[in-house]
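User: I'm new to reading structures and keep tripping over the labels. Can we go through a few of them together?

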Amino acid sequence: MTSNVSQNHAAPTTSASPAASHALTRLDKPVRIGIDVMGGDHAPDAIIKGCALALEDLHPGDCLVLVGPEKMIREILAERGISPSDPRIEVVDATEVIQMGETPSKAVRSKVNSSIVKLHAMGAEGHPNRCDVVLSAGNTGACVAAAMLHMRRLPGVIRPGIAVTIPLFHGPLILIDAGANPEPKPEHLAQYGIMADELAKDVLKIAKPRVALMNIGAEEEKGTDMIKEARDLLRAAPGMNYIGFIEGRDFFEGAADVVVTDGLVGNTLLKAAEGMARAMMKAIVGEILAYDPMLALQFEPIVKALYKKNDYHEYGGAPLLGVNGACMIAHGSSEPRTIRAAIRNSRTFVQSGVNEAIVRRLAESGSARAAAAINSSANAAALVPNNLASDPTSPAAPTIRSQEIARP
């Protein structure tokens with residue numbers, strides 16, 4: 001079960017130059033950012049406080065659209081000295097709240113006046129009060145369901161996936177999927193790799209991201225039939241720097257820039273990593289204090305530096321890639337600084353033009369697969385004896401079915 005991913009592939013090439021981006025980067029136009037005030041464990045106070053902090057980061061013309069109980073929102077804004085006539089803030093009234101424990105599909109259908117449903121409706125094309133990007137730290141399943149219902153999917157996308165940027169010692173890594181699709185098909189995983197590859201190029205500015213597929217071993221014969229089929233699709237994707245399988249133990253070693261997995265494994269891995277990081281920090285500090293309290297003062301700057309470098313709060317907001325618009329999902333335990341970072345990252349996502357690049361890449365991938373299907377069928381036909389190939393009624397005669405060619 002020895003992994004060779006990190007040994008066989010060089011570190012990624014990064015560039016801060018716009019030329020390194022393959023996306024159709026938009027002009028720095030004003031951005032309307034919709035925010036679910038009632039989403040998250042610490043809502044509404046932490047959300048509104050984060051919005052207040054984010055006002056300092058807005059560009060001219062930008063606007064934060066706060067969705068939730070209007071009276072309550074305006075009262076909290078007044079307490080923070082923010083004028084109701086501030087042009088940088090709009091308030092949209094939403095009288096219902098979808099709680100964390102509610103069944104997503106049922107809640108989205110029954111609570112049409114909830115902050116999550118109203119927010120994602122405003123993220124859809126054609127809405128009179130449309131937002132360029134929507135952000136929520138609320139019920140993740142409800143956010144995904146509402147986005148699918150109102151915003152729909154980008155052309156060519158089968159299932160959207162949550163792409164989380166994880167801070168590591170070697171630099172940021174994108175994990176997809178982090179919970180939107182716990183039972184994916186091979187085609188879903190292949191598209192996740194393509195979409196996250198574009199995100200890494202156009203937002204993280206990694207010129208040639210190393211894309212790996214999570215598996216129980218790095219050897220080619222390991223894994224389920226579904227994983228192996230996803231591997232073949234990723235390997236064949238045009239423009240993809242696919243480097244092979246990756247094991248959980250290599251995840252934190254900088255062996256890849258993008259890791260593709262199903263939503264169940266991705267979400268479990270993400271939360272296990274968060275818990276382990278907190279436990280390790282507490283253990284280190286506890287041992288230092290027990291050994292010599294004075295030594296703790298010397299180590300304090302080091303511990304703080306490590307924490308800051310690996311602080312997920314700085315990477316607040318994970319895009320739901322594949323929806324026709326921009327939907328950002330924040331951590332349920334988001335603090336004000338998490339929301340501030342999420343708002344900043346939301347703006348960056350909109351301006352990067354990732355969605356346009358995803359549509360183009362998926363079209364290229366679909367064309368390549370269709371051509372491969374035709375060539376494969378033509379090769380098979382060449383192997384059939386002439387008397388069989390000339391008889392279309394023969395059971396041995398190969399046929400090309402339209403659904404096979406168009407299969408994503």
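User: What makes the pairing of lysine 222 and glutamate 219 a salt bridge?

Analyst: Their side chains meet at 3.3 Å, N to O. A salt bridge needs a side-chain nitrogen of Lys or Arg within 4 Å of a carboxyl oxygen of Asp or Glu, so this pair makes the cut. By the way, this is a predicted model, where local features need pLDDT of at least 70, side-chain atom pairs count only at pLDDT 80 or more, and totals for chains, interfaces and linings use all residues. Residues are numbered from 1 along each chain as its sequence is written, and side-chain values use heavy atoms, with hydrogens and water left out.

User: Why is lysine 222 called partly exposed?

Analyst: Buried means under 20% relative accessible area, exposed over 50%, and partly exposed in between (1.4 Å probe, protein chains only). Lysine 222 has 24%, so partly exposed it is.

User: And what about aspartate 257 and arginine 210, buried or exposed?

Analyst: Aspartate 257 is at 4%, so it's buried. Arginine 210, at 6%, is buried too. Their side chains also meet in a salt bridge, 3.0 Å from N to O.

User: How do you know that aspartate 132 is buried?

Analyst: Its relative accessibility is 19%, so it counts as buried. Its salt-bridge partner, at 3.4 Å (N to O), is lysine 29. Lysine 29 has 34%, so that one counts as partly exposed.

User: How many salt bridges turn up in the whole structure?

Analyst: A search finds 21. Some share partners, joining Glu56, Asp57, Arg340 and Arg344 into one network.
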